[in-house]
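Please open the model in your viewer and keep the sequence panel beside it. The stops below concern the backbone, and each one tells you what to select and what to look for there.

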Amino acid sequence: MFSFFKKKSPTTEGTSAAQPAPTALAVASTKPAPAVSTAPQAASAPRETMPAAPEARQGWMDRLKAGLRKTGSSITTVFTGTRIDDELYEELETALLVADTGVKATEHLLQDLKRRVKESKATDPSQVKALLADAITDLLQPLQKPLAIGDHHPTVIMVAGVNGAGKTTSIGKLTKHLADEGLSVLLAAADTFRAAAKEQLAVWADRNTVEIISQQGGDPAAVSFDAVSAGRARGRDVVLVDTAGRLPTQTHLMEELKKIKRVVQKADSSAPHEVLLVIDGNTGQNALAQVKAFDDTLGLTGLIVTKLDGTAKGGVLCAIAREKPIPVYFIGVGEKLEDLETFNAREFAQALLN
């Protein structure tokens with residue numbers, strides 16, 4: 001089981017010696033404890049999440065390489081020749097564009113790569129391939145950021161996305177890992193638009209033994225308000241708000257997202273603390289358009305990129321890094337629980353060019 005997030009360490013400045021150490025599930029909380037709590041917590045020293053075991057991470061890398069094989073194959077064939085010349089760079093440019101890296105990111109990578117080749121005095125195409133991996137890593141590095149839990153209690157995470165992106169499934173997987181880390185999670189079934197959405201989320205809640213707040217045909221904003229209020233009253237660590245899938249062009253539905261965010265702020269003025277967008281890696285440049293549109297509407301704090309398995313458009317992360325560098329908290333390469341993991345720029349670049 002992997003560590004999906006980073007717990008905030010508590011600050012000691014201004015803390016009285018008579019105060020007990022903060023609990024492991026509420027570190028770095030700047031708010032007073034909830035007035036109502038269903039289960040008192042024993043004081044303990046804060047703990048950090050443990051890094052993934054090397055063999056477990058290697059298993060993830062194998063799945064990531066397999067998932068990105070279709071994207072990477074068109075790029076790596078460029079380096080099968082014997083010469084570093086204009087033809088190689090032209091073929092590489094085409095391959096990157098086909099992989100939906102985007103014009104701006106492709107231009108940046110080619111310029112950076114030529115500089116690296118010149119500085120390293122590379123003479124073999126295989127060396128250029130390694131240098132390209134370094135260039136992609138540096139481009140993607142700003143996207144690598146852990147999801148922090150503990151600054152707020154509860155941490156309210158609002159999740160959005162278009163229909164079919166894998167939003168509810170990603171919420172379920174994230175819930176599982178948060179619960180396995182000992183964090184108490186409350187789910188808000190605010191997707192009252194799609195048929196069986198509430199039932200799908202309820203299955204994940206039951207599977208992970210966490211609570212869910214839902215209403216039959218209720219107003220999404222009202223459900224979200226009730227969930228955040230309940231999360232505070234019951235002392236939960238995380239409240240995950242599932243919203244209805246919608247296209248950025250559906251103005252009335254995008255306005256509903258704004259309403260959910262406003263109403264959540266009435267329950268907790270600092271919330272939502274994270275606004276995540278789930279995007280389908282198969283959609284290529286359309287994913288970048290979604291990021292821009294949802295960011296304009298909600299002010300995104302992070303991304304979850306799903307369905308990278310078998311796609312030929314995995315280069316879109318480079319386009320996002322160049323044009324809209326919003327952190328990618330997680331990437332997914334399948335339907336299984338272990339197929340969603342934290343994003344690592346170096347791992348992604350290596351898997352892409354493996």
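## Backbone stops along the chain

Select Lys121 to begin, a residue that counts as exposed, with a relative accessibility of 67%. In this predicted model, Lys121 sits in the loop that runs between H4 and helix H5 (125–140). If you display its backbone torsions, you will find that phi is positive, at about 55 degrees, although Lys121 is not a glycine. Most residues other than glycine have a negative phi.

Next, select Asp100, which is placed in the loop between helix H3 (86–98) and helix H4 (103–120). Here too phi has a positive value in a residue other than glycine, this time near 65 degrees. Is Asp100 buried or exposed? Its relative accessible area is 14%, and because buried means under 20%, Asp100 counts as buried.

Now turn from phi to omega. Most peptide bonds are trans, and the next two stops show bonds that are cis.

Select His153 and Pro154 together, and follow the cis peptide bond that joins them, for which omega is about 0 degrees. To place this bond in the fold, colour by secondary structure and look for the loop between strand S2 (147–149) and strand S3 (155–161), where Pro154 lies.

For the last stop, select Ala271 and Pro272, where the peptide bond leading from Ala271 to Pro272 is cis, with omega near -10 degrees. Pro272 belongs to the loop that lies between helix H9 (251–267) and strand S7 (274–280).

Terms used: Residues are numbered from 1 along each chain as its sequence is written. This is a predicted model: local features need pLDDT of at least 70, side-chain atom pairs count only at pLDDT 80 or more; totals for chains, interfaces and linings use all residues. Side-chain values use heavy atoms; hydrogens and water are left out. Helices (H or I, at least four residues) and strands (E, at least two) are DSSP runs, numbered from the N terminus. Buried means under 20% relative accessible area, exposed over 50%, partly exposed in between (1.4 Å probe, protein chains only).
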